[in-house]
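Student: I am new to this structure and would like to go through it by question and answer. Please show it first.

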Amino acid sequence: MSMYRLVYYSRNHIASDPALYENAVNDILAKSRVNNARDDITGALLFNAGCFAQVLEGPLDKVEAAFERIQQDDRHGDVSLLGIDPVDQRSFPNWAMGFVGISDADAVRFAGIGSDSGFDPSRLDGEQIHMLLRDLTMEEETAFC
Ligand SMILES: Cc1cc2nc3c(=O)[nH]c(=O)nc-3n(C[C@H](O)[C@H](O)[C@H](O)COP(=O)(O)O)c2cc1C
C-alpha cells in the first residue's frame with residue numbers, strides 16, 4: 001500500500017494558560033495515539049508556546065481524514081499545509097505520535113534557525129520540519145534505550 005507523508009504547522013491557541021495548556025497537550029497526545037494506532041498513522045508533533053508543527057505518515061485516505069479533523073480543532077489555528085507526498089518508508093515507525101516540546105536552543109542546534117524571536121516553523125519548509133522532527137525523536141529514542 002502506498003504511503004504518504006503530510007507536514008503542516010499552525011498557531012498554538014492554548015498557550016496562554018499554563019494549567020489548561022498541559023491538560024490540552026496531554027489530551028491531544030492521548031487522542032492522537034489511540035486514533036493513529038487504529039489508522040496505521042505514525043508521526044510526530046513539535047510544539048512551543050507559539051506554534052505546532054506535525055508530521056503524519058500512513059495511507060493517504062487515513063492521513064487526509066486525520067488532517068481534516070485536526071484542521072477543525074480550535075486549540076490551534078492558521079493551519080498551513082506544507083506538503084503531502086508519497087514516501088517509500090516511514091520516518092517515525094515507532095511513534096503513533098512522537099512528541100517534542102522544543103526550546104530555542106534545540107531549534108538552533110538542530111536546524112540552525114536564528115532565535116531572536118523564538119522558534120518559528122513558518123520559516124521552515126516541509127522537508128526541514130520533517131528532518132527536525134526526525135532528529136529530535138531519534139534523540140529521544142536513543143535517550144530512552
Ligand atoms: C496540534 C494538534 C495535533 C493533533 N494531532 C492529531 C493526530 O495526530 N491524530 C488524531 O487523531 N487527532 C489529532 N488531533 C486531535 C484532533 O483535532 C481531534 O480532536 C481528534 O482527532 C478527534 O478524535 P475523535 O473523533 O476520535 O474524538 C490533534 C489536535 C491538535 C490541536
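**Contacts, cores and strands**

Tutor: Leucine 133 touches Ala44, Leu45, Leu46, Ala53, Gln54, Val55, Phe92 and Val100, leaving out residues up to four places away in sequence; contact means heavy atoms within 4.5 Å. The model is predicted: local features need pLDDT of at least 70 and side-chain atom pairs count only at pLDDT 80 or more, while totals for chains, interfaces and linings use all residues. Residues are numbered from 1 along each chain as its sequence is written, and side-chain values use heavy atoms, with hydrogens and water left out.

Student: Is leucine 133 buried or exposed?
Tutor: Leucine 133 is found in helix 4 (residues 126-144); helices (H or I, at least four residues) and strands (E, at least two) are DSSP runs numbered from the N terminus. Buried means under 20% relative accessible area, exposed over 50%, and partly exposed in between, with a 1.4 Å probe and protein chains only. Leucine 133 has 0% relative accessibility, so the residue counts as buried.

Student: How far apart are the C-alpha atoms of leucine 133 and leucine 46?
Tutor: Leucine 46 is among the residues that leucine 133 touches. The two lie 87 residues apart along the chain, and their C-alpha atoms are separated by 7.0 Å.

Student: Which residue of strand 3 stands opposite leucine 45?
Tutor: Strand 2 (42-47) and strand 3 (51-59) run antiparallel and are joined by six bridges; two strands pair if DSSP finds at least two bridges between them. A hairpin connects strand 2 to strand 3 through three residues. Opposite leucine 45 in strand 3 stands glutamine 54.

Student: How many residues of strand 3 are buried?
Tutor: Strand 3 also pairs with strand 1 in the antiparallel sense, over nine bridges. Strand 3 is largely enclosed by the rest of the structure, because its buried residues number nine of the nine.

Student: Which element gives the most to the largest nonpolar core?
Tutor: A nonpolar core is a set of buried Ala, Val, Leu, Ile, Met, Phe, Trp, Tyr and Cys residues joined through side-chain atoms within 4.5 Å. The largest has 18 residues, and those with the most contacts inside it are Leu6, Ile14, Leu45, Phe52 and Leu56. Strand 1, helix 1, strand 2, strand 3 and helix 2 each supply at least two residues of this core. With five residues, the element that gives the most is helix 1.
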